[in-house]
Amino acid sequence: MALKIVKGSIDRMFDKNLQDLVRGIRNHKEDEAKYISTCIDEIKQELKQDNIAVKANAVCKLTYLQMLGYDVSWAAFNIVEVMSSSKFTFKRIGYLAASQCFHEGTDVIMLTTNQIRKDLSSPNQYDTGVALTGLSCFVTPDLARDLANDIMTLMSHTKPYIRKKAVLIMYKVFLKYPESLRPAFPRLKEKLEDPDPGVQSAAVNVICELARRNPKNYLSLAPLFFKLMTSSTNNWVLIKIIKLFGALTPLEPRLGKKLIEPLTNLIHSTSAMSLLYECVNTVIAVLISLSSGMPNHSASIQLCVQKLRILIEDSDQNLKYLGLLAMSKILKTHPKSVQSHKDLILQCLDDKDESIRLRALDLLYGMVSKKNLMEIVKKLMLHVDKAEGTTYRDELLTKIIDICSQSNYQYITNFEWYISILVELTRLEGTRHGHLIASQMLDVAIRVKAIRGFAVAQMATLLDNAHLLTGNTQRNGICEVLYAAAWICGEFSEHLEDPMQTLEAMLRPKVATLPGHIQAVYVQNAAKLFATVLQKHEGETDSQAAQETSQLLIDRLPLFVQSANLEVQERASCILQLVKYIQKLQQKNVEVAEEVTALFAGELNPVAPKAQKKVPIPEGLDLDAWINEPPSESESEDEKPKAVFAKEEPKHYRSRNTEVDEKELARRREVRKQEQANNPFYIKASPSSQKVYDAPGVEHIPVVQIDLSVPLKVPGMPMSDQYLKLEEERQQKEKAERKKKEKKKKREKRGKGRKADSGPESEEDITPAQHVDIVTEEMPENALPSDDDDKDPNDPHRALDIDLDKPLADSEKLPVRTHRPEVLKSPAEDRVSESVPPETKKKSSKEKKEKKKDKEKDRKRSKEEKKKKKKHKEVEEELLESQPEEPVQSEETKEAAAPPTSTSAEEVTVPSSAVETSSAAVPESEPDEPKDTEPEDTKSSKHKKKKQKKEKEEKEKKKKKRHHHHHHHGEAGGEDSVQNGTVEEEEPLPPMSNYSVLAENSFIKMMREDAEQVYDIQGNHQDESKVVVSIIFENKSDSFLKSMEFNVLDSLNSKLQRPEGAGPHDGLTVPFQLPPGVSNEARFVFSVQSIVMPQKLKGTLTFIVKSDESSTHEKLDFKLHFTCTSYLITTPCYSDAYAKLLESGDLKGSSLRLEGINMPFHHLLARICFHHHFSVVERIDSCASMYSRSIQGHHVCLLVKTSDQTVSIDAKCDEPSLLGNVLDELKQTFSKC
Amino acid sequence: MIKAILIFNNHGKPRLSKFYEHYTEDTEQQIIRETFHLVSKRDENVCNFLEGGLLIGGSENKLIYRHYATLYFVFCVDSSESELGILDLIQVFVETLDKCFENVCELDLIFHMDKVHNILAEMVMGGMVLETNMSEISTQAEAHSKMEKSEAGIAGAPARAVSAVKNMNLPEMPKNINIGDISIKVPNLSSFK
């Protein structure tokens, strides 16, 4: 045997291994591709062999080739084979290859599920580790769903090495299978306090990653993280936590206030720059969230800015970069504190490092003011000249424009200066941002009326020198500027000094080389200029000039008529004909100028970019309504079912203007083209005919490269620098004048304020050079305010926006392996299926027997309650088992609900099919409640308490509302179900209150809400139902009540939920105090085992009454009554499901007769609905069927009939004692009336 | 999250590429080329951060790199990672390599890409930082190679001998290619413990 192995390995030692492959590739530098292809052939041969070692070697080589860019997906199956080797060495090779080249589209991934599961549970921790590492790279939604449970189990592995990997990979699982987040979260949270720092760090890592995307769901973890932050010494963990706080603070400003102090301490104490930097960053985030500008935080800002300055001044470029980055965050909210470091930032502009220059540029954006704008831009212009032909220059250009145009040109005092800056920028060669400059020119010219004269003159010069801009290449983006220039000259041609000359410039043959859209603008604006020229020469006796102009157009326009661009061609031919006609008129000496000008009359106003979107829909306009009724279906299509029509047609009509229709059009066009192509009779456009038009086109004109060694300076153009000087002089002058005036004033009012002249002049002092009226952009009337910050719908993190505080529902369990595939059912179906006897049971017969025994025991127990003093152990056993006569399914439900760790290996549980029993109950109950009642909250910080109180109050309000709603619901249910019967005139329902007095003395009154919030909780506890009781405490005395403690004597069946660590007889502190006359509500959670019997719990409330002179200890006894109705949940039921339920024969019947009921039937129903949590299934005349379900899944059905003050109720339920009690309670309710 | 980890030499030849998101092989090569282009034209004494390339991630991502002798180590990360932290992590990575290979040089990475991958896997998993402690990482890596050796046992001996002979025969293998040891020059950053 051993010999065989040795022989096998001797065979294989002459195979190429990875090293040989690498060496070979290095030796074949010239024909690398050829060499590799022979190697791949060899590898293919090796993969065909049976020896796993050979295969592994081949796969290892493939991994290397994959890195070089070769597709190796063809070997995916072999990779899976190597992965499943029992030897660690080969397994690792397989997993590495898989992690490098598997992805969601790899189909063999399906085959790996079981192998990975086996590796995950391998006794060798390194096998598990390798599997986890590999899986983290190629996990798919399917793998995530199938393996989530196994990985979750690994999170509690004994080895920290496995634990940390399992924790980390959970993030990937969440991403692929978001349903796993809620069930796994509690354990993930536990891992935050794992004894191993590595595991802790992994958990922090995962939660930070989750919280970054959906921070609001993780706010409740803040106290825990706060604790970690103050206790941890691991810088990596600290950084993560501090970063997380940065994401949380914008949502909870109070958190920020708490953070400031420890963070400042860290800033002062830490020596690690990375930590310092993150602290500063988070402090900045806090300060931004507290942007109210509280005075006591100015110290923190100063500290941050100081520390950042140190970073920026550091010789380490990395620190400099980060310092600038953080500085730009402060800038947004506290620009003043950054502005004082202008010198430093300007200095960074000269840095040799581009990243740093870019950051500094960002900062400059926020630092400009009216005073320094010109100076800063001048500096930037210098840099522009230096940075020839780099992306950095493009960046500079956009920044200059951003800086100048920010907040509606707020900082520009002299628009002439700005226009000349823009003109100077057009001299940049090879920039991509021509259109940006163009749009700025247009914007300024349109919106600043005063500048139009100047702008037009500048643009005319630009047009005149257009050859300089277009000189080099067609691809030169800067020629976009000509678009703006032509438009401005045309639109505001009344300001032109010599329109004739501009017109001539616009019609030069060279123009035909410009891009089509620019030519089109040229042609159109030539017409405008023509109109102006005519206007000018009108009235002159000598019409020579006007005629010359017409002639010029007639001469030049034909060039454009031949353009290949449709737009240009169309406009040109149109205008050409117009001019020809005008020429005719001119020759007859007809005055035409007025008519021609009228063509272009009217002012264009700027429209806000979002204006169109914000036009409100006028009242009474229904966009979805038919314009014409749809044509009635023709008889011939009778066979088609009607429903199909009703659904499809409106969709079709509505999509008239949408993309779909466009696609359809495109498709039709395509079809038509095809048809035409195949039709021999259709005359196709011959390519040769097109060439005639193309002849004077671009390609045929030899482009002459103009070599410009001299810097491009457009003659006659003003330089922006001179404005700077002018501006300075002007400001000086103004200052001097002001000073004079002030002196005068001073003389007049001696002794009055003297601050004004000594300090540097404030912003407002600088008056703009010319009066500037910036036209605001137009918006439609009654524009709707809207903010469109839609999240990206494709973001995978959106799916993880899950409320984590909600208690888990059964349906959310992670899928556990089953021996048979289960069919998922919809909840509606599910409800029905419960009544149907269960299919074959999945438990061993032995277990079944045991269960029967237990059931018998339980039955006995319920009969003779007092006798049930049994051994403690036995009782516990019973607690674990389910309720006595419960149907078997729900038992299975509980099995599934139990945490996966507790289920032993051989036990097979049934997920999902039966699981949804209680899911219907969950939406009714408020998710946050149990958390609020947990007294551990009282320990937390003061402000939190306050917050909770507020929340509680809000909730109370909400609750009241909900009751109201409830009430309506009941009524509505009644009305809805009037189906065949006559509709009676129903009177309004009397108000129904749900609160009853529980106990009361001279100090305090306790009101208890009858309808408890009932819900089923699943989690680490075994199957217990939880009931929340809301109690209102009202202070009736004139004294202050405090230290209230609420306690009940637990029975075997019902227990008050106490915080961990509290003894079974300890009371619960009521989390508030009551000033005189105030009432507040507290909620208490009880866990209940059996719900078939009503329960009474004795309890006491102790409290301290504090008046001015004395404080006394008082107590109040009360009895809490848990009725059976309180375990019922209003659950809607459909009539067919209801009928099936009754047919199934599982239910046992009972009936009740009420005499002397003197109320309308619908009131009666409403009462049953409201007080006893039923819903009406169907109502016919004076007969109604009703349904409800208990928290443990018992069905309760009622048939209520009334005739002459007698009401008979036939009831059915699968639990007779529950039914009996419910009926008793029903009787009581009506006996009270 | 770390999006990708790339190691390439001064000529842009990839020595290790680990992508934590799926790209096709062609795109991967393009990313490597683009990254090399961005990184290689930067001077020695400029900052180690680059606002991302166009192919990988766009504006949200940053390239954080270090240049050691003939090799560039580039991490592409998103905004949830601390820049200085990642720089330290690169340092930890290189020091661990140095420890495991005993004076690591480019050749080690060339011929033992799989080993480098395995070390990396102990440090970063699925794009998230798993371990920052150098001794912990190298302990695990050693444990792995010990397992490997014990598995190879007697059967592996001839193969090892042959590969040793192969290495001896090859003149190009050792020092005649002038690749210096990776010198570890760390700017004054206080790193994590």
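At 7% relative accessibility, A:M374 counts as buried in this predicted model, the cut-off for that class being under 20%. This methionine sits in helix α22 of chain A, which covers residues 373–386. In space, A:M374 pairs up with a residue well along the chain: A:Y418 is 44 residues away in sequence, yet the two C-alpha atoms are 9.0 Å apart.

A similar link involves A:L425, which belongs to helix α24 (residues 415–425) of chain A. The C-alpha atoms of A:L425 and A:D385 are 9.8 Å apart, with their positions 40 residues apart in sequence. A:L425 has a relative accessibility of 0%, so it counts as buried.

Backbone geometry throws up a couple of oddities. As a rule, most residues other than glycine have a negative phi. A:Y409 goes the other way, with a positive phi of about 60° although it is not a glycine. This tyrosine is part of helix α23 of chain A, a helix made of residues 391–409. A:Y409 also counts as buried, because its relative accessibility is 4%. Chain B supplies another case in B:A69, where phi is positive and near 45°, again in a residue other than glycine. The setting here is a loop, the one between β4 (62–68) and β5 (71–77) of chain B. B:A69 counts as partly exposed, with 33% relative accessibility.

As for chain B overall, its secondary structure amounts to 5 helices and 7 strands. Read from the N terminus, these elements follow the order β-β-α-β-β-β-α-α-α-β-β-α. Chain B has 193 residues, of which 59% are buried.

Back in chain A, helix packing can be followed in one pair. Helix α8 (residues 125–138) and helix α10 (residues 160–176) of chain A have axes that come within 10 Å of each other and cross at roughly 20°. With angles under 35 degrees counted as roughly parallel, α8(A) and α10(A) are therefore roughly parallel to each other. The crossing of α8(A) and α10(A) is left-handed.

Salt bridges come next, and there are 36 of them over all chains. Some stay inside a single helix. A:D20 and A:R23 form one such bridge, their closest N and O atoms lying 3.2 Å apart. Both A:D20 and A:R23 belong to helix α2 (residues 18–27) of chain A, where they are 3 residues apart, or about one turn of the helix. Each partner is buried, A:D20 as well as A:R23.

The bridge between A:K61 and A:E46 has an N to O distance of 3.2 Å. A:K61 comes from helix α4 (residues 52–67) of chain A and A:E46 from helix α3 (residues 32–48) of chain A, so this pair ties together parts that are 15 residues apart in sequence. Burial applies to both A:K61 and A:E46.

Further along chain A, A:R359 bridges to A:D362, with the closest N and O atoms 2.4 Å apart. Here the two residues, A:R359 and A:D362, lie in helix α21 (residues 354–367) of chain A, 3 residues apart, about one turn of the helix. What about their exposure? A:R359 has 9% relative accessibility and so counts as buried, whereas A:D362 is partly exposed, its relative accessible area being 24%. Salt bridges can also share partners, and in this way A:E209, A:R212, A:R213 and B:D78 are joined into one network.

Finally, the surface of chain A carries a nonpolar patch formed by A:F77, A:M110 and A:L111. Together these residues have about 340 Å² of accessible area. One of them, A:M110, lies in helix α7 of chain A, which takes in residues 109–120. A:M110 has a relative accessible area of 62% and is exposed, since that class begins over 50%.

Notes
Residues numbered from 1 in each chain as written. Chains lettered and ligands numbered in written order. Predicted model: local features only at pLDDT ≥ 70, side-chain atom pairs only at ≥ 80, totals over all residues. Heavy atoms only, no water. Patch = residues over 30% accessible without salt bridge, like charges linked within 9 Å, V, L, I, M, F, W, Y side chains within 5 Å. Areas by Shrake-Rupley, 256 points an atom, 1.4 Å probe, with all protein chains shown as cover. Salt bridge = Lys/Arg side-chain N within 4 Å of Asp/Glu carboxyl O. Helix = DSSP H or I, 4+ residues; strand = E, 2+ residues; numbered from the N terminus. Buried < 20%, exposed > 50% of the residue type's maximum accessible area, 1.4 Å probe, protein only. Axes fitted to C-alpha atoms, helices over the stretch in contact; angles between N-to-C directions. Parallel < 35°, antiparallel > 145°, perpendicular 65-115°, else oblique. Left-handed = near helix turned anticlockwise from the far one by under 90°.
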